[in-house]
Amino acid sequence: MISSQINLAFNKCKKEKRPALLTYTVAGDNTKKKSLEILNSISNHADICEIGFPHNTPIADGGQIQTSSYRAIKNGIKMKDIFQIVKTFKKNKKTKPVILMGYYNMIFQYGENKFIKKCKQVGVNGIIVVDLPWPENKLFAKKCKKNSINFIQLLSPTTSKPRMKKIIRDSHDMIYLISMLSTTGGKLKVSPKKILENYNKIKKINKSKNLVIGFGITSKNISSFKKADGCVVGSEICKKISNSIEKRQNPVKNVNYMVKNLRRKLL
Amino acid sequence: MKKIKKGIPLIDQHNKNGFWGKFGGNFIPETLKKPVEDLTILFKKLRNDKKFIQERDYYFENWVGAPTSFIKLENLTNYLNGAQIWTKVVSEANGGAHKIYNATVHSLIAKRAGKKYIVGDTGAGYAGKMLSMAAKKFGLKCKIFMGAKDIKRQKPNCDAMRANGAEIVPVYTGSQTLVDAVSECMRYWVSNCDTTHMCVGSTVGPNIFVKICGWSTSQISKELFIQMQEEFGKIPKKLILINCVGGGSSSFGFWNEFMHYDKKQVMFIGVEAGGPKKSKRHAAPLTYGSKIGILHGAAQYVNQNTEGQIEETESISAGLDYPGVSPLHCFLKDAKRAKYTAASDEEALSAYQLVTKLENLNPSLEPSHAFAEAIKIAPKLSKDTIICVNSCGDALKDRDILRQKLGKYK
């Protein structure tokens, strides 16, 4: 069996004895062109790039990602542009895994099958659907797998152990652990130690799955998670884009510097 | 086409994934799976718990003030010279609207769940006002999420919420109305579901919230069913129950007990908000054929663009100003059990003027939409036809809008 690009990325990091760095940016923030530039530049430091397809009634996003999303929508981002961004990006960075992340209504309106087909065409490696939990996502996850796309299951501090086991059984190469009870970008209100306890509990159930931690991870606390398979930083990057625009600075340069620094902190 | 089953409450006619036909379900983040499941188990237990039912009935009777009256609007009937116009004056309920039923039940559930905090969304401010009242009554700390635009246009209800000790959290995102308030409230619950109970203000949201709300507001039709038999000796041969529909909590509650009647005998008409006559925007997804989409955790007919972005609505009535609608109503539309239509801002306003001129009744802008439909169809109907309109809210909260639009309030 050929290993997925996502798996390969994790394997490479494991060899280098460090967690994978995953970044999240919103497609089209603040323009199509700029968001592609940002992606191109941060992918020099990030191991996997999550790209958000923005929705205007997000029920799990905090202020920073909401701001980025509304900005992208206001600037006219459409599904077809998002696929175009991925396609162009993958042309230059063939092996860099891309994960699309968003809300189910966008996929539902596009058509599940058509969406997956398009993802495959442009080179998407994984999909996260925030509001399509297990077991409702079983069918969609299967369709993804059939097309060699990773469907990424989420686990939360509220997920019970029996449920965890079932979700892990149905998961693919990567699982996303939500660090705490929070929307994206909340202040880390539990200690990294506590989060890692939960992390280890999950790893014990199945060691082979790549488990990443997200929500509330920033430059300040990321080095506490060196033992994890991966860390996701999203809101801090979105905030940097907002600040850069506000200060009339170049977001590409600022975000690139930030992600470079994040990577350094994981070493 | 889906059929309504007899002998089972409509709120229970969903499949194991929480769908009524194509509508409803649980499109929620993983974090909310557990609290939603806990609430589902607790509600199932409580609705079969005699003590809980006794407690609910006690508060409905002694605190909410059940039953609300059922009266004939003689002057309006004579003026329209067709079908008889009756009304269920649900606005007599403590606080001035039907939202008190759902708020009371949610507060009682929160107590049983051992939660100290309760949060809720509001559009017209009634759901928020009632939740603040119930929270105060039952000793819960309360936060209400409300769009900044609605805070401005529904000041009297905001004053009431604050007087009851609730904190109003203004929501500045999107259109700054109900849709954004519900989103923000759900986001707050995602972060605080370990200590906090969430009350969704209408028959919308993930499956369990639709059920709890529908179960609570059904008190309206339970009362009406008895009152009709007392008044007419039976359920009339030609009965039309007209109700405004925003999220759909009052209309569902107004119809539930009559669900199993043939629609030729008991007809349901839901009136959505058509918005300003000159505007393309509306809050009437059922009437204007909006596509199915996902909003606030449930599949429903919802105003959206081809990409799946939820569209902004426009209505003079904050309580109806919502792009989606209850999965129960989507189901009733597809099963052809209920008929849905819309009234414009202007039609609602002139209905308000006519009703208040002729009758000692002060319906808010939401039920004024329902009265607009009654006024439209009554003259064409026979005198033995009984039209009953749910006057589900009092217009005090609309004081500022009415003054501005009509130059006076009462």
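The crossing of α2(A) and α11(A) is right-handed in this predicted model. Helix α2 covers residues 32-42 of chain A and helix α11 covers residues 251-266 of chain A, and the two pack with their axes 9 Å apart, at an angle of about 30 degrees. That angle makes α2(A) roughly parallel to α11(A), since anything under 35 degrees is put in that class. On the α2(A) side, the contact is made by Lys34(A), Glu37(A), Ile38(A), Ser41(A) and Ile42(A). Facing them from α11(A) are Pro251(A), Val252(A), Val255(A), Asn256(A) and Val259(A). Sorted by character, the residues of this contact come out as 6 nonpolar, 2 polar and 2 charged.

Chain B offers a helix pair with another geometry. Here helix α13 (residues 345-358) and helix α15 (residues 399-406) of chain B cross at roughly 95 degrees, and their axes come within 12 Å. That makes α13(B) roughly perpendicular to α15(B). From α13(B), Leu349(B), Tyr352(B) and Gln353(B) do the touching, and they meet Leu402(B), Lys405(B) and Leu406(B) of α15(B). The tally for this contact is 4 nonpolar, 1 polar and 1 charged.

Next come the charged pairs. Over all chains, the structure holds 34 salt bridges. One of them joins the side chains of Asp29(A) and Arg71(A), at 2.7 Å from N to O. Asp29(A) sits in the loop between β1 (20-26) and α2 of chain A, while Arg71(A) belongs to helix α3 (residues 63-74) of chain A, so this bridge ties together parts that are 42 residues apart in sequence. Both partners fall under the 20% cut-off for burial: Asp29(A) counts as buried at 1% relative accessibility, and Arg71(A) counts as buried at 17%.

Helix α2 of chain A turns up again in the salt bridge between the side chains of Lys32(A) and Asp81(A), which meet at 3.8 Å, N to O. Lys32(A) lies in α2 and Asp81(A) in helix α4 (residues 79-92) of chain A, so the pair ties together parts that are 49 residues apart in sequence. The burial of the partners is mixed: Lys32(A) is partly exposed, at 41% relative accessibility, whereas Asp81(A) is buried, at 12%. Elsewhere in chain A, salt bridges link Lys12(A), Glu16(A), Arg18(A) and Asp47(A) into a network.

In chain B, the side chains of Lys238(B) and Asp384(B) form a salt bridge at 3.3 Å, N to O. This one runs from loop to loop and links distant parts of the chain, 146 residues apart. Lys238(B) is in the loop between α10 (219-232) and β9 (239-244), and Asp384(B) is in the loop between α14 (365-377) and β14 (386-390). Lys238(B) is partly exposed, with a relative accessible area of 37%, and Asp384(B) is partly exposed too, with 47%.

Finally, there is helix α12 (residues 327-334) of chain B, which is mostly covered, with 6 of its 8 residues buried. The buried ones are Pro327(B), Leu328(B), His329(B), Cys330(B), Phe331(B) and Leu332(B). What they pack against is a mix of strands and helices of chain B: β1 (19-20), β2 (23-24), β12 (298-301) and β13 (338-344), along with α9 (207-217) and α11 (249-255). After α12(B) comes Lys336(B), which has a positive phi, near 60 degrees.

Definitions and conventions. Residues are numbered from 1 along each chain as its sequence is written. Chains are lettered from A and ligands numbered from 1 in the order in which they are written. This is a predicted model: local features need pLDDT of at least 70, side-chain atom pairs count only at pLDDT 80 or more; totals for chains, interfaces and linings use all residues. Side-chain values use heavy atoms; hydrogens and water are left out. Axes are lines fitted to C-alpha atoms, for helices over the stretch in contact, and angles run from 0 to 180 degrees between N-to-C directions. Helices (H or I, at least four residues) and strands (E, at least two) are DSSP runs, numbered from the N terminus. Angles under 35 degrees count as roughly parallel, over 145 as roughly antiparallel, 65 to 115 as roughly perpendicular and the rest as oblique. A crossing is left-handed if the near helix is turned anticlockwise from the far one by less than a right angle, and right-handed if clockwise. Contact means heavy atoms within 4.5 Å. Ala, Val, Leu, Ile, Met, Phe, Trp, Tyr, Cys and Pro count as nonpolar, Asp, Glu, Lys and Arg as charged, and the others, Gly among them, as polar. A salt bridge is a side-chain nitrogen of Lys or Arg within 4 Å of a carboxyl oxygen of Asp or Glu. Buried means under 20% relative accessible area, exposed over 50%, partly exposed in between (1.4 Å probe, protein chains only).
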